[in-house]
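Open the model in your viewer and keep the sequence panel visible. The stops below go one selection at a time.

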Amino acid sequence: MNVLFFIAKRIIGKTGKGGKISRPTVNIAITGVAIGIGVMILTVAIVVGFQISIRDKVEGFNTDIQINKMDDNNSMEPVPIDRYQSFLGELNKLPQVKYVQVYATKSGIIKTKTENEGVVLKGVGSDYDWSFIRRNLVKGTVVQPADSGNIRSTDGIVISKNIATELGADTGSKLLMFFITRTKAADSSGNYSYEQRVKTFHVKGIYHTGLEEFDKYLVFVDIAQIQNLNFWTASQVGGFEVACKDFKKVDENESAINKIIGQDLEAVSIRKINSPIFSWLDLQNTNAIIIIVLMVLVSAIAMISALIVLILENANMIGVLKALGMSNWGIQKIFILDGAYLIMLGLLIGNIGGLSLCWLQSHYGLIKLSQETYYISQVPIYLNWKYVAVLNTGAFLSCMFMLLLPSFIVSRIKPAVTLKYD
């Protein structure tokens with residue numbers, strides 16, 4: 001094997017010093033591999049980064065799983081359930097459950113002196129995780145729910161920058177909201193009627209996430225305000241939101257939760273609630289796979305071309321080695337070793353280039369995006385060394401496998417012919 005390495009090294013050395021045909025071809029092959037792996041690293045880093053960025057925003061608004069009353073009501077005003085459920089203790093003991101929080105929603109119209117805006121109030125309690133909204137606050141602060149169920153509970157409201165711009169509102173602004181609510185009591189026939197109710201809120205904070213699907217309509221208030229509007233008691237809520245520790249296991253957790261909450265309640269994951277968004281994100285995986293396959297093919301074709309040129313340029317040497325008794329497979333190993341060296345050199349250069357570009361983008365945000373179109377202001381980067389290792393291993397093995405085909409040209413070279421014209 002030392003002889004094979006020695007000969008392979010001499011071939012590469014000779015190519016580097018002055019192979020008129022092989023040198024430019026080898027340089028092109030190395031460049032092709034470098035560009036291929038660099039593009040693959042960037043593709044995976046951007047696609048995964050984009051998916052995580054959008055997913056985190058959707059999770060920030062809805063968490064991973066919602067538990068509501070099972071019925072045919074698909075509106076933004078769910079049927080109330082008791083907040084003191086017997087299954088909560090068991091639910092919190094599930095290994096993948098991070099926390100559980102109550103919520104309620106109600107549709108309404110915000111009115112100022114000159115503008116109207118349809119919104120959905122999301123009522124939250126003192127157990128609500130404000131970390132996502134706090135990260136995206138552009139002004140003011142969040143509300144502090146009292147969980148009192150009293151009409152005199154906090155009248156603060158957190159609205160989006162989009163809504164604030166439409167209404168010309170700012171922190172401290174007073175907003176009138178109009179609601180259509182079922183009456184508190186039924187008439188003599190047992191039927192309920194509906195009435196218009198008006199409430200005043202004061203803007204406590206303004207957030208901006210760039211996720212227009214939610215920014216354009218979702219506002220946050222104390223859950224006691226919705227309880228009061230709907231004539232609920234302090235122990236009634238719209239449902240529960242469950243945050244999971246690992247998003248990859250959200251469907252598995254959905255099934256586990258449904259087994260313990262009873263037949264009158266239903267747990268639904270955000271993948272189903274926001275299926276258009278997640279279907280769109282899943283589509284990015286297909287795009288990434290197509291790009292990776294194309295880059296592997298480009299790299300492999302470049303390496304095949306380089307190896308064929310090396311073999312043909314060293315046909316006389318192959319004839320001599322055969323005349324000395326070396327087998328076809330032994331000679332093939334020499335050129336496969338040369339191919340492996342060129343592939344690794346290309347991978348090294350490509351990794352340096354690809355990872356450097358990822359670092360520059362993640363730290364300086366050189367490439368900007370239209371937030372209205374892509375929901376984020378710059379190209380996101382997510383680097384996972386497992387992904388980098390898999391890409392490099394896959395690219396190396398794929399190229400090496402394809403190099404086996406041109407290496408069989410060695411068996412077609414006859415010593416008598418090559419030595420005759422040496």
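Start by colouring the protein chain by pLDDT. This is a predicted model, and the chain has a mean pLDDT of 85, with 90% of its residues at 70 or more. Two elements mark the ends of the range: strand β9 (residues 218-222) has the highest mean pLDDT, 94, and helix α15 (residues 415-420) has the lowest, 60.

Next, select residues 275-313, which make up helix α10 and include Ser-299. Is Ser-299 buried or exposed? With a relative accessible area of 3%, Ser-299 is buried. Show what surrounds Ser-299: beyond its neighbours within four places in sequence, Ser-299 is in contact with Gly-32, Val-33, Gly-36 and Cys-399.

Stay on helix α10 and pick Ile-289, which also lies there. Ile-289 is exposed, and its relative accessible area is 52%. Now add Ile-290, Val-293, Leu-294, Leu-297 and Ile-301 to the selection; together with Ile-289 they form a nonpolar patch on the surface, with about 540 Å² of accessible area in total.

Go back to Cys-399, one of the contacts of Ser-299. Cys-399 is buried, with a relative accessible area of 2%. Why does Cys-399 have no bond to the closest cysteine sulfur? That sulfur belongs to Cys-358 and is 20 Å away, so it is too far for a bond; a disulfide needs the two sulfur atoms within 2.5 Å. By this rule the model has 0 disulfides.

For the last stop, select Cys-244. Cys-244 is buried as well, at a relative accessible area of 7%.

Terms used:
Residues are numbered from 1 along each chain as its sequence is written. This is a predicted model: local features need pLDDT of at least 70, side-chain atom pairs count only at pLDDT 80 or more; totals for chains, interfaces and linings use all residues. Side-chain values use heavy atoms; hydrogens and water are left out. Helices (H or I, at least four residues) and strands (E, at least two) are DSSP runs, numbered from the N terminus. Buried means under 20% relative accessible area, exposed over 50%, partly exposed in between (1.4 Å probe, protein chains only). Contact means heavy atoms within 4.5 Å. Patches are made of residues with over 30% relative accessible area and no salt bridge: like charges are joined within 9 Å, nonpolar side chains (Val, Leu, Ile, Met, Phe, Trp, Tyr) within 5 Å. Accessible areas come from the Shrake-Rupley method with a 1.4 Å probe; for residues, only the protein chains shown count as cover. A salt bridge is a side-chain nitrogen of Lys or Arg within 4 Å of a carboxyl oxygen of Asp or Glu. pLDDT is the predictor's confidence in each residue, from 0 to 100.
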